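Please examine the fold presented here, beginning with the chain as a whole and proceeding to its helices, strands and cores.

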Amino acid sequence: MMNVEEVLHMVGGAGETGYALNSKLQEKAITRTKDIMEKALKNINGELVSKGLVVADLGCSSGPNAFLNGDQVLPYYVAGVHGSFYGRLFLRNSLHFVHSSYILMWLSQVPLGIENGGVNINKGNIYISRTSPPIVSRLYLEQFKRGFLSFLQFRSQEIVNGGQMVLSFVGRKSSDPSKAELCQFNDLGLLEEEKVNTFNMPLYAASQEEVQQVIQSEGSFHIEQMQILESNWDPFDDSDDDQVFHNVKSRHNVAKCMRAVYEPLLVGYFGQQAIDDQVFTRIGHNVAMHPLKEKTKNIVFSLALKAKDLN
Ligand SMILES: C[S@@+](CC[C@H](N)C(=O)[O-])C[C@H]1O[C@@H](n2cnc3c(N)ncnc32)[C@H](O)[C@@H]1O
């Protein structure tokens with residue numbers, strides 16, 4: 001089974017295809033959550049932070065987005081911590097504020113049970129698709145729930161009572177995950193059928209209800225704010241119209257963003273030769289030609305959670 005933590009990283013460096021230069025989509029989400037962040041910070045009781053505010057930004061890749069809002073809202077010392085956010089990272093009761101953007105849709109592993117005895121149940125697809133057996137969506141959802149639940153449990157140990165978290169991550173509006181916005185990953189025109197048949201994207205776009213249900217069942221946090229941010233997949237397209245974009249420039253922009261995020265993961269599995277420009281051009285095309293015949297939106301949930309006083 002693929003070790004997600006080993007293969008998952010963004011394209012590094014300051015080069016033309018690097019994440020640093022191609023993370024405008026993620027940057028927009030961070031900028032748009034500034035109000036949520038400010039309100040969440042105000043909601044932390046002053047007495048809690050009389051000796052200084054301790055902040056953690058989880059999953060900040062290299063590049064301009066790391067601590068982006070932080071620069072605007074608070075002064076602090078920065079330290080890097082190694083490890084998966086699906087495990088314990090910090091000392092008990094050591095944090096006042098946790099921020100994470102664009103990380104929680106990444107699963108800690110491909111869904112448990114999908115590679116059943118070495119046979120991939122989702123053969124022929126690399127994500128949930130209309131042709132996937134219904135059990136595939138269920139296994140993806142269960143994996144998301146397990147991961148998100150652990151995330152909340154570990155953070156609840158690390159955050160002081162009354163502390164806050166602002167979490168922004170890719171979600172979906174459709175109740176049916178096979179109609180969700182991430183389905184453009186299927187049909188990439190990858191030639192090596194045998195490898196396509198054994199690969200599953202370690203990603204899940206949850207619905208609002210699925211997210212709320214995990215938070216409620218875990219029980220350590222109150223949802224204080226929740227917003228759905230919609231943006232065009234082309235980060236340079238700020239128009240509000242609903243026309244499908246046939247525009248080559250837009251597809252190219254989408255392809256560049258996707259490449260900066262997914263290239264290392266896809267190359268790690270399929271090899272450098274299989275993952276050429278064509279694959280990302282195809283993703284850009286799939287986003288543009290979404291079957292709903294309306295401009296597919298990138299959906300991000302942004303939530304502010306307050307750690308409950310459970311004593
Ligand atoms: C799309 S980037 C987001 C970076 C940044 N937060 C931003 O908004 O631009 C996702 C980051 O999460 C990291 N990541 C994904 N799963 C992780 C895990 N289980 N533990 C730690 N980091 C993880 C990836 O390596 C990557 O740096």
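The following paragraphs treat the overall chain, one helix and its packing, the nonpolar cores, and a single strand residue.

The model is predicted. Its protein chain contains 9 helices and 8 strands. Of the 311 residues in the protein chain, 40% count as buried. Among contacts between residues at least 6 apart in sequence, 84% join residues at least 24 apart.

Helix 5 covers residues 134-158. At 1.5 Å a residue, its 25 residues should span 36 Å, and because the end C-alpha atoms are 37 Å apart, the expected and modelled values agree. The buried residues of this helix are Val136, Leu139, Tyr140, Gln143, Phe144, Gly147, Phe148, Phe151, Leu152 and Arg155. An α-helix has 3.6 residues a turn, so residues three or four places apart point the same way. The cover over the buried residues of helix 5 includes strand 2 (95-101), strand 5 (159-172), strand 6 (206-207), helix 7 (208-218) and strand 7 (221-232).

How do helix 5 and helix 7 pack, and at what angle? Their axes lie 10 Å apart and form an angle of about 45°; the two helices are therefore oblique to each other. The crossing of helix 5 and helix 7 is right-handed. On the side of helix 5, the contact is made by Leu141, Lys145, Phe148, Leu149, Leu152 and Gln153, and on that of helix 7 by Glu210, Val214, Ile215 and Glu218.

In soluble globular proteins, nonpolar side chains tend to be buried together. In this model, the largest nonpolar core has 50 residues, and those with the most contacts inside it are Val98, Met105, Val166, Leu167, Phe169, Val170 and Tyr204. At least two residues of this core come from each of helix 2 (24-32), helix 3 (34-42), strand 1 (55-58), strand 2, helix 5, strand 5 and strand 8 (297-307). A second, separate core has 18 residues, including Met258, Tyr262, Leu265 and Phe280. Returning to the largest core, Val98 touches Ala56, Leu58, Arg155, Ile159 and Met165, residues up to four places away in sequence not being counted.

Valine 160 lies in strand 5. Is this residue, valine 160, buried or partly exposed? Valine 160 counts as partly exposed because it has 19 C-beta neighbours inside 10 Å, whereas a buried residue requires 20 or more. Leaving aside residues up to four places away in sequence, valine 160 touches Leu48, Asn93, Leu95, His96 and Ala307. Its C-alpha atom is separated by 8.0 Å from that of arginine 92, which is 68 residues apart from valine 160 along the chain.

Technical notes
Residues are numbered from 1 along each chain as its sequence is written. This is a predicted model: local features need pLDDT of at least 70, side-chain atom pairs count only at pLDDT 80 or more; totals for chains, interfaces and linings use all residues. Helices (H or I, at least four residues) and strands (E, at least two) are DSSP runs, numbered from the N terminus. The expected span of a helix is 1.5 Å times one less than its number of residues. A residue is buried if 20 or more other C-beta atoms lie within 10 Å of its own, exposed if 12 or fewer, and partly exposed in between; C-beta atoms are placed from the backbone. Two residues are in contact if their C-beta atoms, placed from the backbone, lie within 7 Å. A nonpolar core is a set of buried Ala, Val, Leu, Ile, Met, Phe, Trp, Tyr and Cys residues joined through C-beta atoms within 7 Å. Axes are lines fitted to C-alpha atoms, for helices over the stretch in contact, and angles run from 0 to 180 degrees between N-to-C directions. Angles under 35 degrees count as roughly parallel, over 145 as roughly antiparallel, 65 to 115 as roughly perpendicular and the rest as oblique. A crossing is left-handed if the near helix is turned anticlockwise from the far one by less than a right angle, and right-handed if clockwise.
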